[in-house]
Amino acid sequence: MNLAQHTTAEIVNETYQTSGHPLLEDPKMRIRNTNVFYGAKQAIFDVNLDIGKNQVISMIGPSGCGKSTFLRCLNRMNDTIDICRIEGQLLLEEQDIYDKKIDVVELRARVGMVFQKPNPFPKSIYENVAYGARIHGLTDNKVQLDELVETSLIRCGLWKEVKDRLGEPATGLSGGQQQRLCIARAIAVNPEVILMDEPCSALDPIATATVEELIHELSENFTICIVTHSMQQAARVSQRTAYFHLGKLIEVNDTSQVFTNPEHQLTEEYITGRIG
Amino acid sequence: MNSSTKTDASRAVEALFDDRELLALKRAAALKRRNRSEKRFRWAGRLSITFGMACVLFLFTDIISKGIGAFTQTYVDVEITFDQDQLGLTPQSTELEIKAASFGSFFKKALREQYPEVTERKEKRQLYALFSSDMPLILRNMVIANPALMGTTQTVSMIADDDFDTYYKHSYGRDQDEGDQIGRLSDLQESVVDSLVKSGAVVTKFNTILFTNSTSSEPELAGIKGAVIGSILTLLVTLALSFPIAVATAIYLEEFAPTNKLTDFIEVNINNLAAVPSVIFGLLGLAIFINFFGMPRSVPLIGGFVLTLMTLPTIIISSRAAIKAVPPSIREAAYGMGASKMQTVLHHVLPLAMPGMLTGTIIGMAQALGETAPLLMIGMVAFIVDTPTGITDPATVLPVQIYLWSDSPERMFVEKTSAAIMVLLAFLIFMNGFAVWLRKRLERRW
């Protein structure tokens, strides 16, 4: 840890340049000069990053580096925290998501989220998946809603396991099933982007493998941003990887390059296990 | 001096590190001390529980032993001939005619006929006094209900007067010194009772009067019906007002209010209000509702207002605790799905917090049910014989009734006081049981 702080002070100055290729052509989301403050404390420093369409981008970094905070800016989940203040430009399809004209309800329908701990609603499995469609008024009748629930569960590979007990409480499912249900709930409103905040950290290895496979499949249709503690997971599921360190975006590159040939010294230290 | 203590201390610490045997000895001593204090604590706990249980047991035995008698009432079966000539009535008489007839003197005459040996005026009075003063009225109502009774002879179950009842239930047939005797019967009355008992006319039955009559100045005719209905009406008003207001307040304070000096101030004041003596709320109700707004006194509506003020803090505090206990992950999940704040609260927070809110509400209601002081202030302490039929009828409530009866010297009122307490306790136990059941039921769903 001492080493990490020492090197940070040396290498990362107040103005810094993100290594690698943070910018893309025609991205899904564009993040420019973004700073995040909790009260007087700055959590994110001047981040510039593009998130590619139908790609999985993973965000890695040591604990407290701001990767979750950054992720939660992308669908304005930080709005619920009073002392949180966000500066800069965050664009979804060239539209500023912090614009006054944007309704946060609408935004979150377009940018869905899956959390660290599976958090199904304490309602039935069916109601969990149907909830988004209900509040956003997506279906016209019960038949359509049934169809939507079934499709979403099938896409998450959960249908076979739960089709006979849709009316049972979702909290009775196993952890892995619950997390897949949360993903099904998120994709049921067909968002454009899905944010995942360490979706596997509360799951066992087998459930993790299932969820990772699911992420891989979903990336065909959705843009996915995943925060993870596990470098192996980042390597397995993502096309691009962003490395955060103490609130700064140090390096962004293709995943294979980050793990085989990191450009920045801090990235190298992290992936070789010297900090973190 | 200082340096020598220091060296002592360092020597002692050195010894600790050198001598493992010494260490073990010290540990053993510490363990012993610890076990001893644990044991002491356990015993203190047991003792206080025993003491508490003993007090409750004593209270219950006392109330039940005093009040159990009120659940039976002494009746006397007397043959009465509805004499057409004396009453001036026929089976065809109209209700108006029956009401005009003199059942008082008819009743007295009927009694005199049963006891021809009683001739003196004073003795006659004592004879009449053995029966409830309501008997002429009851006979009249019998005839109104069925005019065909005229001219027939019926065995009428007459309500014994409270002195008769008390004497029969507690003293009759027991060897007692004069001084110990309960009741205020004269020798003549005692002999009449004796002959009645010997003839098998005296029976004790379950006391329905207690539940079908409202209060009365005659102990044997006093019941709790009016007070129970008054209590129910008052509680309904309280519930209808306090639950929505409290839940709305709790939700606003927990979910919507900005955190600033004003909300802090409100929060502190709500907590303080919970500790304000209830009589103050009564004074407030008197000043605002009755004196300022000119609303009627003694009515369940105002009682409900006052008790609402009193229970609001309790319900708000428990509702806020219930809302706080809803895991934040559920809120996040809802926000993440694009639910608005209102939807998050209505769809997810409220259903999860409901068991806690309802428990708090029922506890608040139970508190309101047992409350006397604020209701005295707004005049619900009046002697009201009529059973209230609406929230704007003058009424009294069960605890106030208990308070009023406990003031009366008659032995039978002592019994009825305890009986009313038993009914009140039964209501409270039922309400608390209902709260537990509701909680279990709502929680079991998930």
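**Note on two interfaces of chain B**

1. Lys169(B) and Glu415(B) form a salt bridge, with their closest N and O atoms 3.6 Å apart. The model is a predicted one. Between domain 2 of chain B and domain 3 of chain B, the count of salt bridges is 1. The pair qualifies because the rule asks for a side-chain nitrogen of Lys or Arg within 4 Å of a carboxyl oxygen of Asp or Glu.

2. The domains themselves come from a domain assignment, which splits chain B into domain 1 (2-67), domain 2 (71-213) and domain 3 (225-444). The C-alpha centres of domain 2 of chain B and domain 3 of chain B are 45 Å apart. Their contact involves 14 residues from domain 2 of chain B and 10 residues from domain 3 of chain B.

3. About 1000 Å² is buried between domain 2 of chain B and domain 3 of chain B, and carbon and sulfur atoms account for 62% of it. On the domain 2 side, the residues that lose the most area to domain 3 of chain B are Phe71(B), Asp162(B) and Leu210(B); together they make up 39% of what that side buries.

4. Polar contacts can be listed for this interface too: 2 residue pairs, both residues at pLDDT 80 or more, join domain 2 of chain B and domain 3 of chain B. On the side of domain 2 of chain B that touches domain 3 of chain B, helix 8 (162-170) and helix 10 (209-212) of chain B each give two or more residues. Helix 8 of chain B supplies the largest share, 5 residues. By class, that side has 4 nonpolar, 6 polar and 4 charged residues.

5. The other interface lies between chains. Here 18 residues of chain B are in contact with 24 residues of chain A. The area buried between chain B and chain A is about 1800 Å², with 65% of it from carbon and sulfur atoms.

6. How many salt bridges are there between chain B and chain A? The count is 1. Arg72(A) pairs with Glu332(B) in a salt bridge, and the closest N and O atoms are 2.7 Å apart. Across the interface of chain B and chain A there are also 6 residue pairs in polar contact, both residues at pLDDT 80 or more.

7. On the side of chain B that touches chain A, the elements giving two or more residues are helix 15 (328-336) and helix 16 (341-369) of chain B. Helix 15 of chain B gives the largest share, 7 residues. This side of chain B consists of 8 nonpolar, 8 polar and 2 charged residues.

Terms used
Residues are numbered from 1 along each chain as its sequence is written. Chains are lettered from A and ligands numbered from 1 in the order in which they are written. This is a predicted model: local features need pLDDT of at least 70, side-chain atom pairs count only at pLDDT 80 or more; totals for chains, interfaces and linings use all residues. Side-chain values use heavy atoms; hydrogens and water are left out. Contact means heavy atoms within 4.5 Å. Buried area is the accessible area (1.4 Å probe) that two parts lose on being put together, summed over both. A polar contact is a pair of N or O atoms within 3.5 Å; within protein, one must be able to donate a hydrogen and the other to accept it, and residues adjacent in sequence count only if both atoms are side-chain atoms. Helices (H or I, at least four residues) and strands (E, at least two) are DSSP runs, numbered from the N terminus. Ala, Val, Leu, Ile, Met, Phe, Trp, Tyr, Cys and Pro count as nonpolar, Asp, Glu, Lys and Arg as charged, and the others, Gly among them, as polar. Domain bounds come from an automatic or database domain assignment.
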